[in-house]
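Here are some friendly notes to read alongside the model. Take the points one by one, and keep the structure open while you do.

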Amino acid sequence: MTSYQFPDSFLWGAATASYQIEGAATEDGRKPSVWDTFSAKSGRTLNGDTGAVACDHYHRYESDVKLMAALGIKHYRFSIAWTRIIPDGRGDVNEAGVDFYSRLVDCLREHGITPHATLFHWDSPQALEKRYGSWRSREMAQDYADYVTAVVSRLGDRITNWMTINEISCFTHLGYAVNADPPHAPGTRVKRRKDIWQTCHHAILAHGLGCQAIRAASPVPCSVALVDNPAVTVPIAESPEHIAAAQKAFPTCWANGGILYPVLTGAYSPVLLEQLGWDAPEIKAGDLETIHQPLDALGLNIYTGTYVKAADNPSGYECLDFRDSYPRLNMPWLWMLPEALYWGMRHISDTLEKPTLPLFITENGCAAQDTVNAQGEVVDLERIAYLRQYLKAAHRAVAEGYPLHGYFVWSLLDNFEWAWGYDRRFGITYVDYPTQKRIPKASFHWYAECIQQGRVV
Ligand code: GCO
C-alpha cells in the first residue's frame with residue numbers, strides 16, 4: 001500500500017496575491033493598478049466587485065500570519081504590488097509601501113515562515129498603461145526591472161526566494177483581445193493577434209531583465225524563478241503512442257511554446273512560430289539571450305489540463321474537448337484532472353530537457369460553493385477530494401524522481417477572483433466579507449494534517 005509520504009525536505013505552503021487580498025487601495029501612497037481601473041468600469045467584473053477592500057489583509061496581516069502558523073505551513077508565497085513601491089510605475093520609490101512588506105516579512109519570520117515573493121501578479125501600474133500602453137510597449141520591461149531593483153535592494157536581506165512574474169499568458173492573452181472585450185485588465189482591444197503576442201514577448205523580456213536585476217541587487221545568495229501556468233497535455237491512456245502524442249502537443253498548446261520555451265531554452269518553439277506565421281511577435285537582436293536567464297527554480301500553477309490522443313492526421317495528435325457531464329469544480333474551466341500535475345512536470349523535465357531544474361507547484365486548488373452551516377463550519381468535501389487527488393499526483397512525480405520540491409495551495413484565503421469578483425471562493429479559509437471574519441474550512445484542517453504527517457491523508 002502506498003502511504004503517499006513526501007520526503008522531509010518537501011516544502012508545504014500556501015499562496016496569495018496582492019490585488020486579490022490586500023485592499024487598502026489608496027493607502028500609504030499606493031496609486032491605481034490596471035485592475036483598480038478595470039474593475040471600476042461597469043460590467044467588467046461580476047457584480048461590479050473590485051479589490052478596493054478585498055480581505056483587508058493590509059490591516060490584518062498579523063492575524064493572517066497567525067492563521068498560517070496554525071495551519072502549520074513553513075512557506076508562504078505572496079506578491080508585491082508595484083504601485084505600492086513605485087506608485088507611478090517609474091520614478092520615485094514610496095518607502096511607506098516598502099514598509100508594509102517589510103513588516104509582513106518580519107512577522108512571517110517571527111513565526112518561522114519563509115517568505116517567497118512574487119514581484120508581479122498582474123497589477124500593472126495604471127500610470128504606465130496611460131503613458132505608453134504598459135505591456136504593449138518595450139519600455140515596460142525596463143520599468144519593471146527598475147522596480148525589481150528597488151524592491152530587492154530594500155528587502156533582499158530578508159527575502160531570498162524570488163519569483164519574477166506570475167502567469168504571463170494570462171495578463172497578456174486575456175488582457176488584450178482582437179474584436180472582443182478581453183476578460184482581464186487592462187481589457188484593451190488590439191488590432192492584430194500579433195499585438196497580443198508582442199505584449200507576451202515584452203513580458204518574457206521583463207522576466208529576463210528582472211532576473212538580472214534580482215541577481216545584481218540581492219545582498220545575499222538567492223533563488224530566482226518564473227511562475228508559469230503551462231497548458232498541460234495529458235495522454236488519454238498511458239501507452240507509448242498517446243504519451244508521444246501528448247508530448248508532441250505540449251509546445252503548441254496555449255502559450256507554452258511562446259513562454260516556457262524561450263525562457264528555458266532560449267528559443268520560441270519552432271512549431272509554434274510556424275503556426276503563428278504573421279502573428280508572431282517582433283523579436284529584436286539579443287532579446288532571446290536576455291530572456292534565457294539561468295533559473296534556480298520554476299514555479300508551476302496547475303489546476304487542470306487537456307486530454308490528448310494519438311491521431312492519424314498531419315500533426316499526429318488530437319486535443320479532446322470535455323463534455324458537460326465531465327466532473328468539474330466551481331469554475332467553467334476547472335475540470336478535475338489530477339494527472340495534469342504529474343504530466344506538467346514530466347513534459348517540462350523530459351521534453352524541455354531540464355531534468356534537474358527544481359520545480360515547485362506554486363498554485364493548485366479549486367473553487368467550491370462554500371457556505372457556513374448552522375454549526376458555523378464550512379464543510380468543503382469537494383475541495384478535500386480535489387486536493388487529495390492532485391497531491392497524490394504530485395507524490396507520483398516525486399516517487400518517479402522528478403525534481404518537485406514543494407507545493408503551495410491556492411489559496412490561504414477566499415479572495416477577489418478577478419473578473420469573477422467575490423463570487424468564486426478558492427480559499428481553504430472562508431472569508432465572511434462583511435465582517436472580515438476568517439473561518440478555517442474542513443480542507444484547512446485536512447491540509448494541516450497532511451503537513452503535520454508529511455503525507456497525503
Ligand atoms: C493565478 C491566479 C490566481 C487565481 C487562481 C484561480 O496565478 O493563477 O491567477 O490569481 O486566483 O488561479 O483562478
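1. Let us begin with a term: helices here are DSSP runs of H or I with at least four residues, and they are numbered from the N terminus. With that in hand, you can place Tyr101 in helix α5, which covers residues 95-110. Please keep in mind throughout that this is a predicted model.

2. Is Tyr101 buried or exposed? Tyr101 counts as buried because 24 C-beta neighbours lie inside 10 Å, and the cut-off for that label is 20 or more. Leaving aside residues up to four places away in sequence, Tyr101 touches Ile80 and Leu155. For a sense of scale, try finding Ala280 as well: Tyr101 and Ala280 are 179 residues apart in sequence, and their C-alpha atoms are 38 Å apart in space.

3. Now step back to the whole protein chain. Its secondary structure comes to 16 helices and 15 strands. The C-alpha trace spans about 60 × 55 × 45 Å along its principal axes. The radius of gyration is 21 Å, which agrees with the value near 23 Å that a compact globule of 457 residues would have. Of the 457 residues, 53% count as buried. Among contacts with a separation of 6 or more, 76% are between residues 24 or more positions apart.

4. Next, have a look at strand β3, residues 114-118. Because 4 of its 5 residues are buried, β3 is largely enclosed by the rest of the structure. Strand β2 (residues 75-79) pairs with β3 in the parallel sense over 5 bridges, and His75 has Thr114 of β3 as its bridge partner. Strand β4 (residues 161-166) also pairs with β3 in the parallel sense, over 3 bridges. There, Thr118 has Met163 of β4 as its bridge partner.

5. Another sheet is worth tracing with your finger. What is the order of its 3 strands? They run β8-β10-β11, forming an open sheet with mixed pairing. The edge strands are β8 (233-235) and β11 (317-319), each of which pairs on one side only. On average, neighbouring strands of this sheet are turned by 40° against each other, direction ignored. β8 and strand β10 (residues 306-310) run parallel and are joined by 3 bridges. Helix α10 (residues 240-249) packs on this sheet, touching β8, β10 and β11, and the direction of α10 makes about 120° with that of β10.

6. Helix α11 (residues 256-265) makes a good exercise in spotting a covered helix. How many of its 10 residues are buried? The count is 9, so by the 20-neighbour cut-off the helix is mostly covered. The buried residues include Asn256, Ile259, Tyr261 and Leu264. They pack against several elements, among them α8 (168-173), α9 (193-217) and β7 (223-228). α11 is followed by Gly266, whose phi is positive, near 85°.

7. Finally, turn to the ligand. Which residues surround the ligand? They are Ala17, Gln20, Asn166, Glu167, Cys170, Asn229, Asn301, Glu363, Trp410, Glu417 and Phe426. Sorted by class, this shell has 4 nonpolar, 4 polar and 3 charged residues. As a last exercise, find each of these residues in the model and assign its class yourself.

Terms used. Residues numbered from 1 in each chain as written. Predicted model: local features only at pLDDT ≥ 70, side-chain atom pairs only at ≥ 80, totals over all residues. Near = placed C-beta within 6 Å. Nonpolar A, V, L, I, M, F, W, Y, C, P; charged D, E, K, R; others polar. Helix = DSSP H or I, 4+ residues; strand = E, 2+ residues; numbered from the N terminus. Buried ≥ 20, exposed ≤ 12 C-beta atoms within 10 Å, placed from the backbone. Contact = placed C-beta atoms within 7 Å. Rg over C-alpha atoms; globule rule 2.2 N^0.38 Å. Pairing = 2+ DSSP bridges. Axes fitted to C-alpha atoms, helices over the stretch in contact; angles between N-to-C directions.
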